[in-house]
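Colleague: Please take me closely through one part of this model, beginning with a strand pairing, and then set that part in its surroundings.

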Amino acid sequence: MKFKKTHNIDMLSLQMQGSHVVIGGWIEDLRKLGKITFLTVRDVTGLAQIIVKDEKRIPEDLTRQSVILVRGIIQSTKARDFQYEIKADDVEILTKAVHPLPIDPIGRLESNIDNRLNARALDLRNQRVASVFKIRHQVLASLRKELERRKFIEITTPKIIGSASEGGANLFSLEYFGKKAYLAQSPQLYKEQLTIGLERVFEISSFYRAEKSHTGRHLSEFTSVDIEAAFFDYTDVMDVLENLVVSVFSDVEKNCKQELNTLERELQIPKQPFDTITYSDALDELGKAGIDLNFGDDLLDSHLKIIGTNHPGFFFLTDWPMSLKPFYIHEKDDEPKISRSFDLQYGHLELSSGGRRLHDPAKIRARLIEQGLDPASFEDHLRTFDWGMPPHSGWGMGLDRLMTVIIGTDNVREVVLYPRDPERLTP
């Protein structure tokens, strides 16, 4: 490069009139009027108009979306869409974009989701798409800030494991130096173990499920937000989750106004407290709608849509039957067939599942056998309970699903940079 970038576009203003600057970005528009060339240049922070008065500085074959550096002086402008413009002293072409491009990154020509994903890096030059991932960045920052404020410690657990982490069948297997290994579907057992010494832990990471699901809310690789807290009951971690969701919405509404405006999205901060209904309440509501279920029957999407209509927005669905929950979930002391558990719903969309965990190793072994699992496969996990395991509770939440609620889409692929599903392994 002949010269170095000195400013992002959002750092510039008419108050800097007469200042010499160097900006870098890609050409979003290019118009030649006689001996004057008008360039619209965008970087990740904004858009600027460039005036080039010497036609020899701009080659005839320069294409839109090419990357350039512009050295020039800020001056006033008569352009309606800009507060200032940059009169170019020099333009350095760094790379030319080869046309035709696979998609129109300006969004003037609409492309389907598959074509956009096949050219995802270029798709991010579309400001609607870029806004989604700027909001995702804010969501992650908000989650970490709030969990740290609540004295949770961030952890990183293994993603290559030697046995099924929750006894499930939907695991990806791989050869690991002559041994069979799996990709983790959750950090459940590890985060429980770590409460022994760290008490309150959280992880935000990718996990994997080998489900052949072809819906707008399922992925083979997904980002999960997980917490586990010693000396917390399930109602305590429900409070953490509710406040975390509200905090995320508040931070996005406060810090992402431009992005929300680009998406034409008016974000409503959820009202507290969230509605809470029990599994038994849900059966009663479904009965009034003409759907008769027995205690212990799972709730289908069609059932949750009815319940979600009765409880618009976020709501907790609590006290599920023990028969529907994993081996590590704790029962209610006075009602052993009912679990200390919950799901956080947004309409029919399940965002999070959690509950109080068993901390008595004898009870865990009994539950494993009851569910047809071999306790010997969980010995590495179970031995930590002999070292003094505190009572603990936690939850896992799908970050990608939460993002679909925030931006208002029903396709999780819109909020994931490079989604992986049964049909998509590249790019």
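Which residue is the bridge partner of Ile73 in S5?

Modeller: The model is a predicted one. Within it, Ile73 has Lys87 as its bridge partner in S5. This bridge belongs to the pairing of strand S4, residues 67-75, with strand S5, residues 85-95, an antiparallel arrangement that extends over nine bridges. Both strands are members of a closed barrel of five strands, whose order is S1-S2-S3-S5-S4 and whose pairing is mixed. From one strand to the next, the twist averages 50°.

For the surroundings, a second set of paired strands centres on S15. Strand S14, residues 341-346, is joined to S15 by six bridges, and the two run antiparallel. Asp343 is matched with Ser353 of S15 in this pairing. The hairpin of S14 and S15 has two residues between the strands, and Gly347 adopts a positive phi near 65° there. S15 is also joined to S16 by six bridges, again in the antiparallel sense. Ser353 takes part here too, with Gly396 as its bridge partner in S16. Seven of the nine residues of S15 are buried, so this strand is largely enclosed by the rest of the structure.

S15 and S16 are also among the elements that cover the buried residues of helix H4, along with strand S10 (200-208), strand S11 (221-230) and helix H10 (379-382). H4 spans residues 188-198, and its buried residues are Gln188, Leu189, Lys191, Glu192 and Thr195. Just after this helix, Glu199 has a positive phi of about 65°.

The remaining feature to describe is a helix pair. Two packed helices are described by the angle between their axes and the distance between the axes. For helix H3 (residues 127-149) and helix H5 (residues 234-255), the angle is about 135° and the axes lie 9 Å apart. H3 is therefore oblique to H5. Their crossing is right-handed. On the H3 side, the contact is made by Ile135, Gln138, Val139, Ser142, Leu143, Lys145, Glu146 and Leu147, and on the H5 side by Val240, Leu244, Ser247, Val248, Asp251, Val252 and Asn255. Sorted by class, the contact comprises eight nonpolar, four polar and three charged residues.

Methods: Residues are numbered from 1 along each chain as its sequence is written. This is a predicted model: local features need pLDDT of at least 70, side-chain atom pairs count only at pLDDT 80 or more; totals for chains, interfaces and linings use all residues. Side-chain values use heavy atoms; hydrogens and water are left out. Buried means under 20% relative accessible area, exposed over 50%, partly exposed in between (1.4 Å probe, protein chains only). Helices (H or I, at least four residues) and strands (E, at least two) are DSSP runs, numbered from the N terminus. Contact means heavy atoms within 4.5 Å. Two strands pair if DSSP finds at least two bridges between them. Axes are lines fitted to C-alpha atoms, for helices over the stretch in contact, and angles run from 0 to 180 degrees between N-to-C directions. Angles under 35 degrees count as roughly parallel, over 145 as roughly antiparallel, 65 to 115 as roughly perpendicular and the rest as oblique. A crossing is left-handed if the near helix is turned anticlockwise from the far one by less than a right angle, and right-handed if clockwise. Ala, Val, Leu, Ile, Met, Phe, Trp, Tyr, Cys and Pro count as nonpolar, Asp, Glu, Lys and Arg as charged, and the others, Gly among them, as polar.
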